[in-house]
Amino acid sequence: DTSDFIVDSLQQWWDENKDRYAHTQQLVINLDNGPECSSRRTQFMKRLVEFSDHNNLEIVLVYYPPYHSKYNSVERCWRVLERHWNGTLLNSTATVVEWIRSMTWKGTHPVVHLLEKEYDKGVRIAKKAFQPTANRQPPDSQPRTPQILRPNSTTINLTVHLIIGVTLLSDFNLLSAARR
């Protein structure tokens with residue numbers, strides 16, 4: 001799982017759902033404490049700023065407290081998925097995708113998209129190259145307080161809440177499996 005994968009999944013979800021949320025100008029994204037989605041991660045923040053600018057959306061990153069997975073609905077969804085495949089040999093990408101498609105959570109089948117792109121791990125941005133992104137963050141930003149990323153000009157009217165797990169991006173409409 002990488003920062004690029006998370007933002008690419010977010011962009012794919014937004015492209016498929018922006019008409020449904022046409023009046024939305026702010027996305028509140030609840031994140032776990034995974035290193036790939038840390039607000040201190042240069043590649044993640046750079047990509048989110050690009051996403052914010054490209055889609056003219058304010059992004060609010062809200063982090064679950066450490067060791068509080070019980071509040072993260074993505075973790076509850078993963079438990080259901082693990083019970084669903086119950087020891088099945090997941091020996092191919094196709095097998096994984098079909099098992100995910102066949103599960104139900106809260107009476108709903110997930111919409112599954114396989115991202116075929118290969119992602120480099122450990123992508124970092126040099127301090128000088130990251131400076132324009134760093135300047136977009138509030139000066140008093142702490143890693144576990146809400147982080148607000150604003151496009152160049154935004155008026156806030158409506159908020160959509162999304163939950164991002166390590167490879168699960170969801171308002172429970174999108175579940176992406178990364179090809180490894």
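**Strands**

I started with β1 (residues 26-31) and β2 (residues 58-63), which pair in the parallel sense over six bridges. This is a predicted model, so I kept that in mind throughout. To find my way along the pairing I picked Ile29, and its bridge partner in β2 is Leu61.

Next I looked for another partner of β2. I found that β2 and β4 (residues 147-149) pair in the antiparallel sense over three bridges. Here Ile59 has Leu149 in β4 as its bridge partner.

Then I checked how covered these strands are. In β1, six of its six residues are buried. I sorted them by side: Gln26, Val28 and Asn30 are on one face, Leu27, Ile29 and Leu31 are on the other, and both faces are covered. β2 is mostly covered too, with five of its six residues buried.

**Helix α2**

I moved on to α2, which runs over residues 42-55. How far apart should the ends of its 14 residues be, at 1.5 Å a residue? I got an expected span of 20 Å, and the end C-alpha atoms are 20 Å apart, so the two agree.

I wondered how much of α2 the rest of the structure encloses. Ten of the 14 residues are buried, so α2 is largely enclosed. Buried here means under 20% relative accessible area. I noted Phe44, Met45, Leu48, Val49 and Phe51 among the buried ones, but Thr42, Gln43, Arg47, Ser52 and Asn55 are on that list as well.

Just after α2 I came across Asn56, which takes a positive phi of about 50°. I wrote that down because most residues other than glycine have a negative phi.

**More positive phi values**

That sent me looking for others. Asn86 has a phi near 30°, again positive in a residue other than glycine. I found Asn86 in the loop between α3 and α4. Is Asn86 buried or exposed? Its relative accessibility is 64%, so Asn86 counts as exposed.

Lys106 also has a positive phi, near 55°. Lys106 sits in the loop between α4 and β3. At 68% relative accessibility, Lys106 counts as exposed.

**Helices α3 and α4**

Since I was already at the loop between α3 and α4, I looked at how these helices pack. I reminded myself that two packed helices are described by the angle between their axes and the distance between the axes. For α3 (residues 73-85) and α4 (residues 93-102), the angle is about 110° and the axes are 10 Å apart. That makes α3 roughly perpendicular to α4. I also noted that their crossing is right-handed.

**Aromatic rings**

Last, I went through the rings. How many aromatic pairs are there? The count comes to three. One of the pairs is Phe5 with Tyr119, which is edge-to-face, with 5.7 Å centre to centre and 80° between the planes. Phe5 lies in α1 (residues 3-17), while Tyr119 is in the loop between β3 (112-115) and α5 (127-134). Those parts are 114 residues apart in sequence, so the pair ties together stretches I'd never have linked from the sequence. I checked Phe5 for burial as well: its relative accessible area is 2%, so Phe5 is buried.

My final entry is a cluster: Trp13, Trp14 and Tyr21 form one aromatic cluster.

Notes
Residues are numbered from 1 along each chain as its sequence is written. This is a predicted model: local features need pLDDT of at least 70, side-chain atom pairs count only at pLDDT 80 or more; totals for chains, interfaces and linings use all residues. Side-chain values use heavy atoms; hydrogens and water are left out. Helices (H or I, at least four residues) and strands (E, at least two) are DSSP runs, numbered from the N terminus. The expected span of a helix is 1.5 Å times one less than its number of residues. Buried means under 20% relative accessible area, exposed over 50%, partly exposed in between (1.4 Å probe, protein chains only). Rings of Phe, Tyr and Trp (its six-membered ring) pair if their centres lie within 6.5 Å; planes under 30 degrees apart count as stacked, over 60 as edge-to-face and the rest as tilted. Two strands pair if DSSP finds at least two bridges between them. Axes are lines fitted to C-alpha atoms, for helices over the stretch in contact, and angles run from 0 to 180 degrees between N-to-C directions. Angles under 35 degrees count as roughly parallel, over 145 as roughly antiparallel, 65 to 115 as roughly perpendicular and the rest as oblique. A crossing is left-handed if the near helix is turned anticlockwise from the far one by less than a right angle, and right-handed if clockwise.
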